Amino acid sequence: MPKSRERAVRLFILVLICVAVTSGLGNRILSNYFKEVYQVTSAQRGFIEIPRESPGILCMVLVAGLGFLGNIRLGILAQIMMLAGLMVMGFLSPGYGVMLIFLFLYSLGEHLFMPLSDSISMDLARDGKVGTALGKFKGVTTMASMVASCAVFVGFRAGFFSFQSRVILPFAIGVAASALAAFFLWRLEGCMTTAPCKVTNHKLLFRREYVPYYMVTLAYGCQKRIRLVFAPWVIIELLHRGADVAALLTIVVHLVGMVVAPILGRMLDRLGMRRMLLIEAAYIVVTFCVLGVLAGQLAAGTFGAGWQAWVVYGAYVLCLLFDQFNMVHAFLMRSIALSPDEVTRSLSVGLGVDHIMAIVASPIMGLIWEGAGVQYVFYLAALSALFQVAAAAMVKRRGLEPARK
């Protein structure tokens, strides 16, 4: 690997660490922040999801409109948005309405950086080693997220972090981390051996050839509800465990993910994306169904909360590890792209499809939880893995699988 690329990889790793720290210290405590600082009601908490999740849809418009800047400069812009949002929330104690505006700004920057991160990761990969590079970068992000989760747990337990102080320290640290990420991205631009991809056509990009990618992101939007909402609710509502247990389980998920991510990356290079899509589908079906069965037994009172709770903990960790497969989706888009400058735009469209599905699926799953039973939420999410199977079949039929080296 040329020295310029080695330096670029090191700088990008520093970027990923800083971004993971910012997101870890921000997202991990937002629900508590809303409750303790603004005393939000359940109805208000539901409303807050609009400025929290809508940026996932809007970022595809932003990427299309500002794509002429290139991936790295867009990444710097994303960090400035996150920095500004956290700075106001952490230092200025704004009113509720103003807070929602800057929460939206923070979330927009966070969502904007998601497709950019995958695109830059693949730009830095050596030929034939894209999966390995994605696994390596995913492992770094997971490690930094785990450290941030540990900091949240220890900080609030020991009293270092508090929502009653004049400056909310986790947000302040996030501001510094975002500033560092922007600085490292600026340095990274000078190290790139190839010209950054820029968007010359500013229309939103939807292509028939990219349907396999849209399908897996549609499924991922449904499956992600399990990771973000319903699996944690099993721990909180059915096992009656506190936030400290949920935080510890999150740390375990990150710790295991640090090991799993590089392995999945190497498997991706060795087996190809079609087989990895099938492996992902099988993993989702098995783990979601197992946790669904356990959750159903907990709700019915036929499964104890003593030593059996450890079985639920193990199923919970295995269930949430499906998120490590997200690198397969980015690799799929890179492989089927008709042009390199369409990758970032297509990833942003996929993120929008993901969030549209998330907004639709959440209330439906909530009604299923209340009406039919908790286990059927997990069974429905497991059924969505058929989209991964269908995408794998399309890859094979269209001959889209690239030759592996």
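Which residues does Val-88 touch, not counting residues up to four places away in sequence? In this predicted model, the answer is Ser-93, Pro-94 and Phe-102. Val-88 itself sits in helix H5, which runs over residues 71–91. With a relative accessibility of 11%, Val-88 counts as buried, since the cut-off for that label is under 20%. Met-99 is worth a look here too: 11 residues separate Val-88 from Met-99 in sequence, and their C-alpha atoms are 7.7 Å apart in space.

Stepping back to the whole chain, the protein is built from 16 helices and zero strands. Of its 405 residues, 52% are buried. Counting contacts with a separation of 6 or more, 86% are between residues 24 or more positions apart.

Next comes the nonpolar interior. The largest nonpolar core holds 59 residues, and Phe-12, Phe-137, Leu-188, Tyr-213 and Leu-332 are the ones with the most contacts inside it. Helix H1 (residues 3–27) gives the largest share of this core, with nine residues. Apart from that core lies another, of 37 residues, and Phe-230, Val-234, Leu-239 and Met-365 are among them. Back in the largest core, Leu-188 can be followed contact by contact: once its neighbours within four places in sequence are left aside, Leu-188 is in contact with Ala-8, Leu-11, Phe-12, Ile-72 and Ile-120.

A buried serine makes a handy counterpoint to these nonpolar residues. Ser-149 belongs to helix H7, residues 130–158. Its relative accessibility is just 4%, so Ser-149 counts as buried. Setting aside neighbours within four places in sequence, the contacts of Ser-149 are with Arg-28, Thr-250, Ile-251 and His-254.

Now for helix packing. Two packed helices are described by the angle between their axes and the distance between the axes. Helices H11 and H15 (residues 374–383) pack at about 175°, and their axes are 7 Å apart. That angle is over 145°, so H11 and H15 are roughly antiparallel to each other. On the H11 side, the contact is made by Ile-284, Val-285, Phe-288, Cys-289, Leu-291, Gly-292, Val-293, Ala-295, Gly-296 and Ala-299. H15 brings Val-374, Gln-375, Phe-378, Tyr-379, Ala-381 and Ala-382 to the contact. Sorted by class, the residues of this contact come out as 13 nonpolar, three polar and no charged.

H11 also lends itself to a quick length check. It covers residues 273–300, and at 1.5 Å a residue those 28 residues should span 40 Å; the end C-alpha atoms of H11 are indeed 40 Å apart, so the two agree. Right after H11 comes Gly-301, with a positive phi near 80°.

A second pair is made up of H9 (residues 211–238) and H12 (residues 308–320), which pack at an angle of about 180° with their axes 11 Å apart. H9 and H12 are therefore roughly antiparallel to each other as well. In this contact, Ile-226, Arg-227, Ala-231, Pro-232, Val-234 and Ile-235 of H9 meet Val-312, Tyr-313, Tyr-316, Cys-319 and Leu-320 of H12. By class, the contact of H9 with H12 has 10 nonpolar residues, no polar ones and one charged. Val-234 ties this helix pair to the interior described above, as Val-234 is also listed in the core of 37 residues.

How values were computed:
Residues are numbered from 1 along each chain as its sequence is written. This is a predicted model: local features need pLDDT of at least 70, side-chain atom pairs count only at pLDDT 80 or more; totals for chains, interfaces and linings use all residues. Side-chain values use heavy atoms; hydrogens and water are left out. Axes are lines fitted to C-alpha atoms, for helices over the stretch in contact, and angles run from 0 to 180 degrees between N-to-C directions. Helices (H or I, at least four residues) and strands (E, at least two) are DSSP runs, numbered from the N terminus. Angles under 35 degrees count as roughly parallel, over 145 as roughly antiparallel, 65 to 115 as roughly perpendicular and the rest as oblique. Contact means heavy atoms within 4.5 Å. Ala, Val, Leu, Ile, Met, Phe, Trp, Tyr, Cys and Pro count as nonpolar, Asp, Glu, Lys and Arg as charged, and the others, Gly among them, as polar. The expected span of a helix is 1.5 Å times one less than its number of residues. A nonpolar core is a set of buried Ala, Val, Leu, Ile, Met, Phe, Trp, Tyr and Cys residues joined through side-chain atoms within 4.5 Å. Buried means under 20% relative accessible area, exposed over 50%, partly exposed in between (1.4 Å probe, protein chains only).
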